[in-house]
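Please consider the structure shown below. The paragraphs that follow lead through the surroundings of its ligand and then through the positions annotated in a sequence record.

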Amino acid sequence: MATQRLFFAISLPDDMQQQLVRWRADTFPAEAGTPVVAANLHLTLAFLGEVAPETSQRLQTLASRIVQPGFDLDLDDAGHWPRPGVVWLGCQRAPRGLLQLASLLRAQAARHGCYQSPQPFHPHITLLRQAIQPVALPPRGFHWRFRVSTFSLFASDYARGRTRYRALASWPLTSQDPHALLSAP
Ligand SMILES: NC(=O)c1ccc[n+]([C@@H]2O[C@H](COP(=O)([O-])OP(=O)(O)OC[C@H]3O[C@@H](n4cnc5c(N)ncnc54)[C@H](OP(=O)(O)O)[C@@H]3O)[C@@H](O)[C@H]2O)c1
């Protein structure tokens, strides 16, 4: 079977997607960049690149064994990376749980020969693409919080100039081992 372009990520709740889309429209002029569609807003934990089916299966098995509690994510920072042309939303202080989860997934992917990003992990939600001209960023003071209680593996499909993400599997973040729960008497 063919390889797939994969990444582990956190999805945003629907109401938060809508709030962010409205805020983005009020905050950035149309010429600032191309808005990412609401359903595609996400925070990548580990980008894996092109992955063969067997490796994908192995990484999914490892992901299902992760035992870690959920955490709150505060979105209170924004920035512009002119080189990739990305305007993003992120957090001034990343929660430990987020860093721990990303680091584990990235290490497992690296051990299975997946693509390794040369950049250090900088958690962000891409809001605009093709943002290559200078962009006026909003002053600090905006803030959204949401509880992260699941993470997912996505396939990124690109056709006719459009990217679609498909969730292949999702796992709960819980401090109780899900396998132990299943085998409890
Ligand atoms: N999806 C495809 O197969 C594909 C193929 C050719 C061109 N493109 C173009 O590439 C651009 C990005 O597409 P996309 O984000 O929708 O899909 P994507 O490139 O598959 O990205 C999926 C997620 O992985 C992250 N990511 C991608 N490459 C990475 C890398 N080298 N290191 C670390 N993280 C990485 C992205 O982060 P960011 O949000 O920070 O980018 C995004 O969160 C779009 O302009 C698209 O038109 C996509």
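Which residues surround the ligand? In this predicted model, the ligand has around it Arg5, Phe7, Thr44, Phe47, Val86, Ser117, Thr126, Arg129, Ser156, Tyr158 and Thr163. Two or more residues of this shell come from each of the strands β1 (4–11), β3 (42–51), β7 (124–129) and β9 (150–159). Sorted by class, the shell comprises four nonpolar, five polar and two charged residues.

The annotated positions come next. In an unreviewed UniProt entry, the annotation "active site" covers His42 and His124. These positions span 83 residues in sequence, yet their C-alpha atoms are no more than 8.2 Å apart, so they gather at one spot.

His42 belongs to strand β3, which also gives two or more residues to the shell around the ligand. Is His42 buried, partly exposed or exposed? His42 counts as partly exposed because it has 19 C-beta neighbours inside 10 Å, whereas a buried residue would need 20 or more. When neighbours within four places in sequence are left aside, the contacts of His42 are Ala9, Ile10, Ser11, Leu12, Ile125 and Tyr165.

His124 lies in strand β7, another of the elements that give two or more residues to the ligand shell. With 19 C-beta neighbours inside 10 Å, His124 is likewise classed as partly exposed. Residues up to four places away in sequence not being counted, His124 touches Leu43, Trp88, Leu89 and Gly90.

Terms used:
Residues are numbered from 1 along each chain as its sequence is written. This is a predicted model: local features need pLDDT of at least 70, side-chain atom pairs count only at pLDDT 80 or more; totals for chains, interfaces and linings use all residues. A residue is near a molecule or strand if its C-beta atom, placed from the backbone, lies within 6 Å of it. Helices (H or I, at least four residues) and strands (E, at least two) are DSSP runs, numbered from the N terminus. Ala, Val, Leu, Ile, Met, Phe, Trp, Tyr, Cys and Pro count as nonpolar, Asp, Glu, Lys and Arg as charged, and the others, Gly among them, as polar. UniProt positions are given in the numbering used here, feature names are shortened, and annotations may be inferred rather than shown by experiment. A residue is buried if 20 or more other C-beta atoms lie within 10 Å of its own, exposed if 12 or fewer, and partly exposed in between; C-beta atoms are placed from the backbone. Two residues are in contact if their C-beta atoms, placed from the backbone, lie within 7 Å.
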